[in-house]
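I am opening a fresh page for a structure that is new to me. I will go from the whole chain down to single residues.

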Amino acid sequence: MRLSRALNAGLAGALALATITTSASAAEAPPAATLVPARPDIYAPVTLTADLSGLTANERQMLGLFIDAAVVMDDLFWLQAYPGDREALLAGLKEPAMKRFAEMNYGPWDRLEGNAPFVPGAGARPPGVGFYPLDMTKAEFERADLPRKTNEYTVLRRDPKGALTVVPYSVEWREQLERASGLLAQAAGKAEDAGLAKYLDLRAKALTSDEYRASDMAWLDMKDNRIDIVIGPIETYQDNLFGYKAAFEAFVLVKDMEWSKRLARYAAMLPELQRGLPVPDAYKDETPGTDSDLNAYDVVYYAGDSNAGSKTI
């Protein structure tokens with residue numbers, strides 16, 4: 001599968017392909033959820049392949065490290081997307097089709113059927129899933145005078161007295177994020193492209209500090225890298241309560257150099273294409289740069305949010 005990136009669009013915008021759904025307040029009793037059938041056959045199996053013959057030995061080793069780090073994102077996404085015991089859920093599903101469908105959906109709710117449950121007894125999907133206490137109401141959240149409660153890299157939890165408290169991702173999931181950070185740091189040490197090395201080093205630090213801006217900008221600055229990884233908490237569509245909290249995901253990518261060269265001609269056309277858009281000039285204040293990049297990639301591994309249900313391409 002191909003993944004194109006428009007560097008001037010920003011990290012989240014370049015990769016976004018999702019649907020925002022609205023949910024009732026957690027204070028309201030959710031409507032009775034209609035059980036739907038498990039239907040893994042709606043998804044077509046696809047083998048992800050890429051030509052690795054042009055990669056160096058270091059780059060091939062880096063791909064392995066990237067995939068190991070992506071697996072960590074997958075585990076973290078389960079914790080965010082399903083506020084229950086993942087192992088207990090899967091172990092309790094004896095029907096292979098239902099178990100496979102739960103693995104595809106990262107939980108007992110069908111993502112392409114309005115998050116309707118397909119596992120008996122699962123009930124309606126909590127709109128705040130693993131980002132907020134299940135008993136928290138919108139009103140309680142809005143009353144709480146808590147710094148960083150709306151920050152995309154924090155979760156809400158209850159302290160021993162039952163009061164809401166804010167916990168940064170880097171604290172809530174310290175062990176997992178330190179492991180992923182170490183893998184990216186190892187890969188940075190093997191990188192032969194300076195831009196990729198800088199990005200990986202900054203991204204490794206971001207995972208344990210919750211400060212992602214510098215690594216986002218470094219990702220946008222990369223030009224000549226032949227492999228890539230988009231990793232971390234990025235999109236906020238899983239948070240159906242407020243839309244604040246970012247979900248973990250990863251794409252491991254191999255650049256198609258031939259197709260990227262073909263696309264390069266269109267980057268120079270971006271300013272002219274924008275001028276021709278049939279919208280008022282007020283919506284054209286930001287002019288895309290002629291140094292913008294359009295690249296094509298083979299995706300060799302999906303994890304977390306990008307792998308849940310339908311795939312981001």
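**Surface, then two loops**

I began with the outside of this predicted model, where the protein exposes about 15,500 Å², of which carbon and sulfur atoms supply 53%.

I then turned to the overall make-up and noted eleven helices and eight strands in the secondary structure. Of the 313 residues in the protein, 45% are buried. I also looked up how contacts spread along the chain, and found that among those with a separation of 6 or more, 69% join residues 24 or more positions apart.

Next I looked for a nonpolar patch on the surface, and noted one of about 270 Å² made by Tyr266, Met269 and Leu273. I followed Met269 to the loop between helix H10 (257–267) and helix H11 (270–275). Is Met269 buried or partly exposed? Met269 has 33% relative accessibility and therefore counts as partly exposed.

For a second loop residue I chose Leu55, which sits between helix H1 (11–15) and helix H2 (57–81). Leu55 has a relative accessible area of 10%, so I entered this residue as buried, the cut-off for that word being under 20%.

Which residues does Leu55 touch, once those up to four places away in sequence are set aside? I wrote down Arg60 and Leu63, together with Arg226 and Ile227. I also checked Leu55 against Val254, which lies 199 residues apart from Leu55 along the chain, and the C-alpha atoms of the two are separated by 9.2 Å.

Methods
Residues numbered from 1 in each chain as written. Predicted model: local features only at pLDDT ≥ 70, side-chain atom pairs only at ≥ 80, totals over all residues. Heavy atoms only, no water. Helix = DSSP H or I, 4+ residues; strand = E, 2+ residues; numbered from the N terminus. Buried < 20%, exposed > 50% of the residue type's maximum accessible area, 1.4 Å probe, protein only. Contact = heavy atoms within 4.5 Å. Areas by Shrake-Rupley, 256 points an atom, 1.4 Å probe, with all protein chains shown as cover. Patch = residues over 30% accessible without salt bridge, like charges linked within 9 Å, V, L, I, M, F, W, Y side chains within 5 Å. Salt bridge = Lys/Arg side-chain N within 4 Å of Asp/Glu carboxyl O.
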